[in-house]
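Work through two short exercises on the structure below. Each has a task, then a solution in steps.

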Amino acid sequence: MQTPRTLLGTSKLTAATMIAISALALSACTNASETGPSSAATSSGSASASFDPATVKKDDALAAMVPDAIKSKGTITVGSDTSYAPAEFLGSDGQTPVGYDVDIAKAIGATLGLKVQVQTAEFTGILPALGPKYDLGISSFTINPERLGAVNMVSYFNAGTAWAVKKGNPSKFSLDDVCGKSIGVQTGTVQEDPDLSDRNKKCVADGKKPIDIVTLKNQTDVTTRLVNGSIDAMAADSPIIGYALTQTNGQLEKLGDVYDSAPQGIAVAKADTAWAEVIQKTVTKLMQDGSYKKILDGWGNSEGAITKSEVNPAVKS
């Protein structure tokens, strides 16, 4: 998102809304999930089984290509900011990472005959820790030139930027008149920079009031602010906005169309090109055997499916 996530990611609420948001917001602690049956969130914020990685067969040829350092430990460690539903977030127990990115990670592990441990991390801290701490970063990373200069990126999904306001748009917010408005975004996303930063520069250049850009570490906190009415609007990746609408019981609505659609990528340390190639081949295998489509269908995000996975694809600057 979140275009999608980026560079180097009260008034009283209804009880149902609090359950939904709080179940997604407990991402400050470092939590991990070993490979096992995954979950899909319902409108109440609870989870129900959707994808079982045991249905994915190991590919011996691909498994033989796994670097010895990863093969010897038997586990792929994945860094993910689990506050970005439905891509990656914590399930109803407040501990278990779930989402379509988590399911894709598990499917990759199953194909390679390895366990997968998804660890909650701050979005902006994932890419710098690739190699020493994380084998992969799977956290809705938009592929852009800046990231491609720092890490390898394997394309696997497509998303754009979307906006949401409170139901009925009480602030009369318009994308044609953002100056002086209060807008929430997750820290480190492309919605923050360059989208809002560029809009803000234009406001200042035109002699208008600057945008009050509210940047928060967790997307769930941004959503809570909007529901509470303390900001006028929020911007995030299109799948995240869509999911937020379903989880807030009609208190939010989408504003405008999705724009700046771009590929998202699985991040691999810059020096680990061979590992990136294995991941690309594995994602391709999951596309071919139907697992990829099954995962995205289960989370209602098949519109973000791509037909070809690439290592470091060419993208717009």
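A cavity is a set of points, on a 1 Å grid over the protein atoms alone, where a 1.4 Å probe fits but cannot get out; lining residues have an atom within 4 Å of a point. Grid points are joined across faces, edges and corners, and a volume is the space filled by probe spheres set on the points. This is a predicted model: local features need pLDDT of at least 70, side-chain atom pairs count only at pLDDT 80 or more, and totals for chains, interfaces and linings use all residues. Residues are numbered from 1 along each chain as its sequence is written, and side-chain values use heavy atoms, with hydrogens and water left out.

**Exercise 1.** Describe the second largest cavity and its lining.

Step 1. Its volume is about 50 Å³.

Step 2. List the lining: I104, A107, Y156, V283, L286, S291, Y292 and I295.

Step 3. Assign helices (DSSP runs of H or I, at least four residues, numbered from the N terminus). At least two lining residues come from each of α4 (100-112), α10 (273-289) and α11 (291-298). The top contributor is α11, with three.

Step 4. Sort by type: seven nonpolar, one polar, no charged.

**Exercise 2.** Find the disulfide (cysteine sulfur atoms within 2.5 Å) and place it in the fold.

Step 1. The count is one. C179 pairs with C203, S to S 2.0 Å.

Step 2. The S-S torsion of C179 and C203 is about -90 degrees, so the disulfide is left-handed.

Step 3. C179 sits in the loop between β10 (151-166) and β11 (182-186), and C203 in helix α7 (residues 191-205), so the bond ties parts 24 residues apart in sequence. Strands are DSSP runs of E, at least two residues.

Step 4. Buried means under 20% relative accessible area with a 1.4 Å probe, protein chains only. C179, at 18%, is buried. C203, at 2%, is buried too.

Note on methods. Buried means under 20% relative accessible area, exposed over 50%, partly exposed in between (1.4 Å probe, protein chains only). On a 1 Å grid over the protein atoms alone, a cavity is a set of points where a 1.4 Å probe fits but cannot get out, and a pocket is an open set with protein on both sides within 12 Å along at least five of seven lines; lining residues have an atom within 4 Å of a point. Ala, Val, Leu, Ile, Met, Phe, Trp, Tyr, Cys and Pro count as nonpolar, Asp, Glu, Lys and Arg as charged, and the others, Gly among them, as polar.
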